[in-house]
Amino acid sequence: MNDALAIHRLHFAFTVTFHYIFPQLTMGLALLLLVLKTMALRTGSEHYNCAARFWARIFAINFAMGVVTGIPMEFQFGTNWARFSKAAGGVIGQTLAMEGMFSFFLESAFLGLFVYGEERLGPRLHWFTSFCVFLGSWLSGYFIIATDAWMQHPVGYTMEPGGAIALSSLASLLTNAWILWQYTHNMLAAVVTASFVMSAVGAFYILTRNHVAFGQTFVRIGIVSGAVATLLLAFPTGDQQGKMVALNQPTTLAAMEGLFDSQKGAPLALIGQPDTERERLDNAIAVPKMLSFLTYQRWNAEIKGLNDFPRERWPDNIPLLYFSYHIMVGLGTLLIAGMAISAVLLLLGRLYGNRAMLWTLMLAFPFPYIATTAGWMTAEIGRQPWLTYGLMRTSEGTSARVSAGNGMFTLLGFMGLYALLGVLFLFLIWHEIEHGPKSPVSSAESTVRTV
């Protein structure tokens, strides 16, 4: 790998990883905001409206940070990955433009109405704005996933003379078989992130005895949504996504499991360290035959190992891919267990008084972020050495005239700027949490305020 290619990859990896801190929370919160507004509409309780207003402020800050950090990523397609943009722009330009024109404008316009238009719109129309924010947010996720799904599993294209890739079927692009499970898996991960964040804030309020009623509501909604989402994240979505990888990217599956030699009844590695020089998994602890069963539902099914494929088709950083995958799965398992225990305590009426569990919920909110980041690293490192799987190698997609020095200069600049943005984000979020939700006002106070 040459120096310029390494810098370009690191540059995009940094910007996209930092950026995705924010969309995963907004997409998950969009659903939970809709839940709060639905409960307010059904019960007529101002308590849920106040809770929704509080999370709308969190949502708005997060949304703004997502926009600020997302725009430079699209410019990087031209500045750092010009050859890829020239070759595949006729395909990926469709979904990226649709994301901007349809979903982003839908989400941002109705977010403004949701935040500032409650008094003028009335309960039902204000609920409708929350639904449109949810729809725009999740539609945005769909178009972005459709773009990545095409890079993972290209469909609906023709090769033009000179190497350009032309779109031959928009319907095929938008209904790519890869999208279904990748999209549902990703959106459920966003719900898990939002559920843990909401539960953490609720646990904080209960432990500090501030805004206790709101804290209990946040914990309850976070745990119910999180318990459902974590289970669905594993089965069926995670399971089916894994089968898509096994069917279409067998080298990726082998690298994820550190499997070098083909085996019938292949074991599922729990712990180990892949050694690519000696082509083995060191210090392995594995469940016999489980990988074959999970992949093909047959205990003795054969799983192809890396040695069955040419080395030039192997993912180019097998240890990082292996550890990213196992971090995702390991943390996912812990998240399922945490939500399951919390749900049981909630049903028994013992959660709000259990300080140990409340502390656990409050401190657990970073782990969904880590698991999601590891999941995306698994998907993108697993696709290597291809930029578009089977069509264009990553080394062929960079900008030929942008040197390693140019890339490093802008990377350092982005790191400094994003560090400042991160500090600003944490300050704004802490400011909102410290002030907390505003308690429902009386009708007389509301009338005076309106006048």
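## A buried asparagine, a pocket and two cores

Asn 80 sits in the loop between α3 (46-79) and α4 (82-116), with helices being DSSP runs of H or I of at least four residues, strands E runs of at least two, both numbered from the N terminus. This is a predicted model, where local features need pLDDT of at least 70 and side-chain atom pairs pLDDT 80 or more, while totals for chains, interfaces and linings use all residues. Residues are numbered from 1 along each chain as its sequence is written, and side-chain values use heavy atoms, without hydrogens and water.

**Around Asn 80**
- Asn 80 counts as buried because its relative accessibility is 5% (buried is under 20% relative accessible area, with a 1.4 Å probe and protein chains only).
- The side chains of Asn 80 and His 8 share a polar contact of 3.0 Å (N or O atoms within 3.5 Å, one able to donate a hydrogen and the other to accept it; residues adjacent in sequence count only if both atoms are side-chain atoms).
- Beyond four places in sequence, Asn 80 touches His 8, His 11, Gly 397, Thr 398 and Ser 399 (heavy atoms within 4.5 Å).

**Nonpolar cores**
- In the largest nonpolar core, of 94 residues, Trp 55 and Phe 218 touch the most other members (a core is a set of buried Ala, Val, Leu, Ile, Met, Phe, Trp, Tyr and Cys residues joined through side-chain atoms within 4.5 Å).
- α7 supplies the largest share of this core, 18 residues.
- Another core of 15 residues lies apart from it, including Trp 150 and Leu 173.
- Contacts of Phe 218 beyond four places in sequence include Trp 55, Met 198 and Pro 437.

Terms used:
Buried means under 20% relative accessible area, exposed over 50%, partly exposed in between (1.4 Å probe, protein chains only).
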